[in-house]
Amino acid sequence: MNNVLLRSLTGAVFITVVLFPLFWKDEAATTVFGAFMVLGLIEFFKLFKKSDSIHPSYEIGLVLGLLIFGLSTFIAYGYLSNIFYLTVVPLVFLGVLAEIWRKKENPLINVGVTVLGIVYVTVPFVLMALFNLENQTSLHQHNSFPLLAGMFILIWMNDTFAYLSGRFFGKTKLIERISPNKTWEGTIGGVIFTIAAGFAIGLIFDDQHITFWVISAIIIAPCAAVGDLLESLFKRNMGVKDSGNILPGHGGILDRFDATLFTAPFFIAWTFIYMYF
């Protein structure tokens, strides 16, 4: 009972921290995404801390992540010219070049994992920060309901009802070697309830675009499931249960954002396709 209470309180605080800035102020949302990105990068590189064969550059990865996020958001807010986007690739190349002086075994693997950290953690948070600004300036101008809030709600609905469906009806393992507790019944249940939630969000908050939200749910549900499995693959490969312990009862930041990191690029791409084509 104590664990359930702890998880509930932590979950409520987490949801508030994620959603409230989206309804309040762009700068607050950008700051929150940046903070989560930093914590996520730290957790990602710590996964390999005890590895004998994989030694990604913790410092380089974190600095590159901060520089890319900072450049992107400064450009979006108009503090820098768009031309500065051209510096991102040279920055990554300089980060890769640093491996020459590190004198670590398996340099190709080290470089690959360092860059993977940027792609897996930094890029989705950058996309969400920029998309939130675009959402406020040109997309859905008639509607005060933030699109990212809808995305997060659908991801959480999928996670919750996939767990409940699996708990009550689960029999057929999904991919047992990666996540022994996940079942096809749970996954399908999550998809069904997420689609229903998408229809409800459209009906209540955005009745002019119900189709958009239903299709969004159809995209988000499988992406969220795959994102969860991907992080489970990383953790199982490194022999850890959770990516961290910053969220009592829930694990780490990556444990809470695993579905989001994989889902956000697909949802954002779909939104622009819907709006402009």
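Here a biologist and a modeller talk through the labels attached to this predicted model.

Biologist: Let's start with the whole chain. What makes the protein chain as compact as a globular protein of that length?

Modeller: The chain holds 9 helices and 0 strands. Its radius of gyration is 19 Å, and the globule rule gives 19 Å for 277 residues, so the chain is as compact as a globular protein of that length. Along its principal axes, the C-alpha trace spans about 55 × 50 × 35 Å.

Biologist: And how much of the protein chain counts as buried?

Modeller: Of the 277 residues, 45% count as buried. The accessible surface comes to about 14,500 Å², with 68% of that belonging to carbon and sulfur atoms. As for contacts with a separation of 6 or more, 70% are between residues 24 or more positions apart.

Biologist: Why is Gly117 called buried?

Modeller: Buried means under 20% relative accessible area. Gly117 has 0% relative accessibility, so it counts as buried. You'll find Gly117 in helix H5, and it touches Leu41, Phe44, Phe45 and Thr122, leaving aside residues up to four places away in sequence.

Biologist: Thr194 next. How do you know whether Thr194 is buried or exposed?

Modeller: Same kind of check: the relative accessible area of Thr194 is 0%, so the label is buried. This threonine lies in helix H7, residues 184–205. Beyond four places in sequence, Thr194 touches Leu154, Met157, Asn158, Ala217 and Ala221.

Biologist: What does the side chain of Thr194 reach at 3.4 Å?

Modeller: The backbone nitrogen of Asn158. A polar contact needs N or O atoms within 3.5 Å, and the 3.4 Å here fits that distance limit.

Biologist: Thr10 has some accessible area left. Why does Thr10 count as buried, then?

Modeller: The cut-off is under 20%, and Thr10 sits at 11%, so it counts as buried. Thr10 is in helix H1, residues 2–24. Although Thr10 and His250 are 240 residues apart in sequence, their C-alpha atoms are 7.7 Å apart. Thr10 touches His250, along with Leu247 and Pro248.

Biologist: On to Ser243. What makes Ser243 count as buried when it lies in a loop?

Modeller: The label rests on accessibility: 9% for Ser243, and therefore buried. The loop in question runs between helix H8 (210–238) and helix H9 (253–276). The side chains of Ser243 and Glu43 are joined by a polar contact of 2.8 Å. Ser243 also has several other neighbours, including Leu47, Glu231, Lys235 and Asp255.

Biologist: Lys235 and Asp255 catch my eye. Why is their pairing called a salt bridge?

Modeller: A salt bridge requires a side-chain nitrogen of Lys or Arg within 4 Å of a carboxyl oxygen of Asp or Glu. The N to O distance for Lys235 and Asp255 is 2.8 Å, so the pair qualifies. The two link distant parts of the chain, with Lys235 in helix H8 and Asp255 in helix H9, 20 residues apart. Both Lys235 and Asp255 are buried, and together with Glu231 they are linked in a network of salt bridges.

Biologist: How many salt bridges turn up in the whole structure?

Modeller: The search finds 5. One of them joins Lys182 and Asp228 at 3.3 Å, N to O. That pair also links distant parts of the chain, from the loop between helix H6 (147–169) and H7 to helix H8, 46 residues apart.

Biologist: What label does Lys182 get, and why?

Modeller: Partly exposed, because its relative accessibility is 24%, and that falls between the 20% and 50% limits. Asp228 is at 16%, so it is buried.

Biologist: And Arg102 with Glu99?

Modeller: Their side chains meet in a salt bridge at 2.9 Å, N to O. Arg102, at 23%, counts as partly exposed, while Glu99, at 10%, is buried.

Biologist: Last one. How do you know whether Trp101 is buried or exposed?

Modeller: Exposed means over 50%. Trp101 has a relative accessible area of 62%, so it is exposed. This tryptophan lies in the loop between helix H4 (88–97) and helix H5 (107–137).

Biologist: Which residues form a nonpolar patch with Trp101?

Modeller: Leu94, Leu97 and Ile100. With Trp101 they form a nonpolar patch on the surface, and their accessible area together is about 470 Å².

Conventions. Residues numbered from 1 in each chain as written. Predicted model: local features only at pLDDT ≥ 70, side-chain atom pairs only at ≥ 80, totals over all residues. Heavy atoms only, no water. Patch = residues over 30% accessible without salt bridge, like charges linked within 9 Å, V, L, I, M, F, W, Y side chains within 5 Å. Areas by Shrake-Rupley, 256 points an atom, 1.4 Å probe, with all protein chains shown as cover. Helix = DSSP H or I, 4+ residues; strand = E, 2+ residues; numbered from the N terminus. Buried < 20%, exposed > 50% of the residue type's maximum accessible area, 1.4 Å probe, protein only. Contact = heavy atoms within 4.5 Å. Polar contact = N/O pair within 3.5 Å; in protein donor to acceptor, adjacent residues only side chain to side chain. Rg over C-alpha atoms; globule rule 2.2 N^0.38 Å.
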